[in-house]
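Visitor: I would be grateful for a close look at the open sheet in this structure and at the residues associated with it. Please set out the terms as they arise.

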Amino acid sequence: EAIGDWTARNGLLEKTPAGLTVRVSQKTPPPFITIQKLSIPAPVVVEIQLTAEAEGLGAIEWRTEGDMPQSKVALPFNPGKQTLSVSLPDPNGKNLIHLRIILPFAEQNITLQSVLLRGGSGTPEKRWDF
């Protein structure tokens with residue numbers, strides 16, 4: 001299921017007045033939203049504004065040009081509205097091409113208000129406001 005540039009897996013994606021809502025109803029495999037066909041120079045900072053109903057542990061996974069497998073960093077979710085910020089380490093300085101936001105296993109709705117990708121080298125920010 002896709003809305004705009006974003007695709008959901010293992011969850012339902014819906015545009016609501018509050019933002020982009022992912023309805024998590026399955027516990028395995030983990031639900032996530034993803035965006036591909038990016039080209040953002042390293043280092044990249046990801047900022048996500050969201051509202052979660054329950055706490056849990058998610059993650060950010062990403063891939064850079066020519067690299068397999070994906071890199072991953074843990075991302076804790078707390079109940080309520082929050083801004084999560086993660087720096088994606090890339091010692092090789094390659095462009096970010098693929099990003100996944102993995103959601104906690106808890107049955108809940110998670111609503112994203114915005115996602116911001118800030119690349120290195122003074123490149124323009126890439127932002128999605130939902």
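Guide: What follows takes up the sheet, then two residues, and finally a cavity.

This is a predicted model, in which local features need pLDDT of at least 70 and side-chain atom pairs count only at pLDDT 80 or more, while totals for chains, interfaces and linings use all residues. Residues are numbered from 1 along each chain as its sequence is written, and side-chain values use heavy atoms, with hydrogens and water left out.

The open sheet has 6 strands in the order β1-β2-β5-β10-β7-β8, and their pairing is antiparallel. Its edges are formed by β1 (2-3) and β8 (71-77), each of which pairs on one side only. Strands here are DSSP runs of E, at least two residues long, numbered from the N terminus; two of them pair if DSSP finds at least two bridges between them. Strand β7, residues 56-64, is joined to β8 in the antiparallel sense over 7 bridges. Leu 57 stands opposite Pro 76 of β8.

Thr 34 belongs to strand β5, residues 32-35. Thr 34 counts as buried because its relative accessibility is 6%, the term meaning under 20% relative accessible area with a 1.4 Å probe and protein chains only. The side chain of Thr 34 reaches the backbone oxygen of Leu 99 at 3.0 Å. Contact means heavy atoms within 4.5 Å; beyond its neighbours within four places in sequence, Thr 34 is in contact with Asp 5, Trp 6, Thr 7, His 98, Leu 99 and Arg 100.

Leu 103 lies in the loop between β10 (96-102) and β11 (108-118). With a relative accessible area of 2%, Leu 103 is also buried. Its C-alpha atom is separated by 6.9 Å from that of Ala 59, although the two residues are 44 residues apart along the chain. Not counting residues up to four places away in sequence, Leu 103 touches several residues, among them Leu 57, Gly 58 and Phe 77.

The structure also holds 1 cavity of 30 Å³ or more. A cavity is a set of points, on a 1 Å grid over the protein atoms alone, where a 1.4 Å probe fits but cannot get out; lining residues have an atom within 4 Å of a point. The largest cavity has a volume of about 40 Å³, the volume being the space filled by probe spheres set on the points. Its lining includes Trp 62, Thr 64 and Leu 96.

How values were computed. On a 1 Å grid over the protein atoms alone, a cavity is a set of points where a 1.4 Å probe fits but cannot get out, and a pocket is an open set with protein on both sides within 12 Å along at least five of seven lines; lining residues have an atom within 4 Å of a point. Helices (H or I, at least four residues) and strands (E, at least two) are DSSP runs, numbered from the N terminus. Buried means under 20% relative accessible area, exposed over 50%, partly exposed in between (1.4 Å probe, protein chains only). A polar contact is a pair of N or O atoms within 3.5 Å; within protein, one must be able to donate a hydrogen and the other to accept it, and residues adjacent in sequence count only if both atoms are side-chain atoms.
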